[in-house]
Amino acid sequence: MSDERNVLGGDLEPCSRDPTTGYLRDGCCRAVPGDGGRHEICAVVTDAFLSFSRERGNDLVTPRPELDFPGLAPGDRWCLCVGRWLEAHDAGVAPPVVLEATNEAVLDEIAFSTLNAAEFDG
């Protein structure tokens, strides 16, 4: 499907098609030139993270049909920005990470051991 790799060294797997995520809205957390936010971490969002993100000015819950954004609910998978995930990690509310669907490009900012400790168990 993709020539991009995940943090485990395998093929990058899709993060979510329901809701459809990714900077390109193709379901994958790709490393895309021009994506200043770097939507490269596949996370399973939680109530705590969604509240944290809203407090930081990024409401991921409210649907925005004009942006083709359905709004997220706890348990949804979503490609998160590297910086926001790190902020949430530092605040103790980082959502779990789907390693198979997280782009290896994030390893330039986040240690694999940090991601592995946050691995989604489901």
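**Disulfides, salt bridges and a surface patch**

The torsion about the S-S bond of C15 and C42 is about 80 degrees, so this disulfide is right-handed. C15 lies in the segment before β1 while C42 belongs to strand β1, so the pair ties together parts that are 27 residues apart in sequence. I should say at once that what we are looking at is a predicted model, and I will go through the cysteines before turning to the charged residues. The sulfur atoms of C15 and C42 are 2.1 Å apart, and both of these cysteines are buried.

How many disulfides are there in the whole structure? A search finds two, and the other is formed by C29 and C79, with sulfur atoms 2.0 Å apart. Here the angle about the S-S bond is -95 degrees, and the link is left-handed. C29 sits in the segment before β1 and C79 in strand β2, residues 77-81, so this pair ties together parts that are 50 residues apart in sequence. C29 is buried, with a relative accessible area of 0%, and C79 counts as buried as well, at 1%. If we number the bonded cysteines in sequence order, the pairing reads 1-3, 2-4.

Why is C28 not bonded to C29, the cysteine whose sulfur is closest? The sulfur of C28 is 7.3 Å from the one in C29, which is too far for a bond, although C28 is itself buried, with a relative accessible area of 1%. For C81, the closest cysteine sulfur is in C79, at 9.7 Å, again too far for a bond, and C81 is partly exposed, with a relative accessible area of 22%.

Let me move to the salt bridges, of which a search of the whole structure finds 11; I will pick out three pairs. D26 forms a salt bridge with R30, and their closest N and O atoms are 2.5 Å apart; D26 counts as partly exposed at 23% relative accessibility, whereas R30 is buried at 13%.

In the next pair, R38 and D108 form a salt bridge in which the closest N and O atoms are 3.1 Å apart. R38 lies in the segment before β1 and D108 in the loop between α2 and α3, so the pair ties together parts that are 70 residues apart in sequence. R38 is buried, with a relative accessible area of 16%, while D108, at 58%, counts as exposed. These two residues also belong to a network of salt bridges that links R38, E40, D108 and E109.

The remaining pair on my list is E87 with R56, where the closest N and O atoms are 4.0 Å apart. E87 is in helix α2 and R56 in the loop between α1 and β2, so parts that are 31 residues apart in sequence are tied together. Both residues are partly exposed, E87 at 35% relative accessibility and R56 at 42%.

I will finish with N6 and its surroundings. Is N6 buried or exposed? With a relative accessible area of 3%, N6 is buried, and this residue lies in the segment before β1. A polar atom of the N6 side chain lies 2.7 Å from the backbone nitrogen of L8, and, leaving aside residues up to four places away in sequence, N6 touches D11, L12, L99, E100, T102 and E104. L8, in turn, joins L107 and F112 in making a nonpolar surface patch of about 240 Å². F112 is found in helix α3, residues 112-117, and is partly exposed, with a relative accessible area of 32%.

Note on methods
Residues numbered from 1 in each chain as written. Heavy atoms only, no water. Patch = residues over 30% accessible without salt bridge, like charges linked within 9 Å, V, L, I, M, F, W, Y side chains within 5 Å. Areas by Shrake-Rupley, 256 points an atom, 1.4 Å probe, with all protein chains shown as cover. Salt bridge = Lys/Arg side-chain N within 4 Å of Asp/Glu carboxyl O. Helix = DSSP H or I, 4+ residues; strand = E, 2+ residues; numbered from the N terminus. Buried < 20%, exposed > 50% of the residue type's maximum accessible area, 1.4 Å probe, protein only. Polar contact = N/O pair within 3.5 Å; in protein donor to acceptor, adjacent residues only side chain to side chain. Contact = heavy atoms within 4.5 Å. Disulfide = S-S within 2.5 Å.
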